Amino acid sequence: ATTKSRCQIVRFGPVDEERILEALKKSGIEGKKALYFTRLADGSIGEALQMAALEQEGAKLFEVKTAIVKSLADMRYEQSLEIAAKLLAFAKEIGEVWVKQQEKTSKTDINRRAIGFVLEAVSCVFRDAMTMGIADEKKIANIDQLGEIRRIAAEKGGEGCAMAVENAYDAERRMEANVNEKLIFERLLLKLASSDTMKV
């Protein structure tokens, strides 16, 4: 209690986007990649630089996110399990690079983080779609794939996109609870594809 009484809370706000972009530029990441990493990191310069480091090690994060956006925009119900398997494969590939980069970190922890990246990329797609027509399109993370984002927004609507974001967050919570990763992705994709507005 004595120690606690002498402590104070120091709150940190998100780092300005321009500062993160500048830091990524110094690390060798520019253009669309830098913008995506910056906005996905949501004000955390450390997370943005971590993504940049993985990208330079060959994790292909930007390529993965591009494939995720396209898969979700084109998805049909009968493809749900196939896309779930693809997302899990993406996570495993990212995890393999990440393990080599941080050899002293638990492989289990690294794999969980890799799955977290993929789930966050999925969530980001629907957050972007949810804000179409409300927020400035220039603030969208997947700005390089506006066509696909607009299609998702039109098909699912604001409420459907909000539900999809919640489903992605639920998948992250299940991951933290050590639920089988294959089941996490399958459950998520089936939920995403079960909307009345999703193509069947």
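# Close-up views of an all-helical predicted model

**Figure 1. Asp 144, with a relative accessibility of 25%, counts as partly exposed.** The model shown here and in the other views is predicted. Asp 144 pairs with Lys 65 in a salt bridge, in which the closest N and O atoms are 2.8 Å apart. The bridge connects distant parts of the chain, since Asp 144 belongs to the loop between α7 and α8 and Lys 65 to helix α5, with the two positions 79 residues apart. In contrast to Asp 144, which is partly exposed, Lys 65 is buried, its relative accessible area being 1%. The count of salt bridges in the model comes to 12.

**Figure 2. Asp 109 and Arg 113 form a salt bridge within helix α7.** Their side chains meet at an N to O distance of 2.9 Å. The two residues are 4 positions apart in the helix, about one turn. Asp 109 has a relative accessible area of 26% and is therefore partly exposed. Arg 113, at 34% relative accessibility, likewise counts as partly exposed.

**Figure 3. Asp 170 and Arg 174 pair within helix α8.** The closest N and O atoms of this salt bridge lie 2.9 Å apart. As both residues belong to α8 and are separated by 4 residues, the pair spans about one turn of the helix. Asp 170 counts as buried because its relative accessibility, 17%, falls under the 20% cut-off. Arg 174, at 28%, counts as partly exposed. Through salt bridges with shared partners, Glu 166, Asp 170, Arg 173, Arg 174 and Arg 187 are joined into one network.

**Figure 4. Helix α3 is mostly covered by its surroundings.** The helix comprises residues 31–41, and 8 of its 11 residues are buried. The buried positions are Ala 34, Leu 35, Tyr 36, Phe 37, Thr 38, Arg 39, Leu 40 and Ala 41. Their cover includes helices α2 (17–26), α4 (45–56), α5 (61–74) and α7 (107–131). Just after α3 comes Asp 42, which adopts a positive phi of about 50°.

**Figure 5. Two loop residues other than glycine have positive phi values.** Asp 42, with phi near 50°, lies in the loop between α3 and α4. Its relative accessibility is 65%, and Asp 42 therefore counts as exposed. Asn 178 has a positive phi of about 65° and is found in the loop between α8 and α9. Asn 178 is also exposed, with a relative accessible area of 55%.

**Figure 6. The largest nonpolar core contains 62 residues.** Ile 68, Leu 72, Leu 87, Val 118, Phe 126, Leu 189 and Leu 192 touch the most other members of the core. Helices α2, α3, α4, α5, α6 (80–101), α7, α8 (146–176) and α9 (181–193) each contribute at least two core residues. Helix α7 supplies the largest share, 12 residues. Leaving aside residues up to four places away in sequence, Leu 189 is in contact with Leu 72, Met 75, Ser 80, Ile 83, Ala 84 and Leu 87.

**Figure 7. The overall fold consists of 9 helices and 0 strands.** The C-alpha trace spans about 60 × 40 × 40 Å along its principal axes. The radius of gyration is 18 Å, which agrees with the value near 16 Å for a compact globule of 200 residues. Buried residues account for 43% of the 200 residues. Of the contacts with a separation of 6 or more, 67% are between residues 24 or more positions apart. The protein exposes about 11,100 Å², of which carbon and sulfur atoms supply 51%.

**Figure 8. Model confidence varies along the chain.** The average pLDDT of the protein is 91, and 96% of the residues score at least 70. Among the helices, α1 (residues 2–5) has the lowest confidence, with a mean of 87, whereas α5 has the highest, at 96. Over residues 196–200 pLDDT stays under 50, and the model has 14 contacts beyond four places in sequence for this segment. Where pLDDT is low, predicted coordinates should not be read in detail.

Terms used. Residues numbered from 1 in each chain as written. Predicted model: local features only at pLDDT ≥ 70, side-chain atom pairs only at ≥ 80, totals over all residues. Heavy atoms only, no water. Buried < 20%, exposed > 50% of the residue type's maximum accessible area, 1.4 Å probe, protein only. Contact = heavy atoms within 4.5 Å. pLDDT = per-residue confidence, 0-100. Core = buried A, V, L, I, M, F, W, Y, C linked by side-chain atoms within 4.5 Å. Salt bridge = Lys/Arg side-chain N within 4 Å of Asp/Glu carboxyl O. Rg over C-alpha atoms; globule rule 2.2 N^0.38 Å. Areas by Shrake-Rupley, 256 points an atom, 1.4 Å probe, with all protein chains shown as cover.
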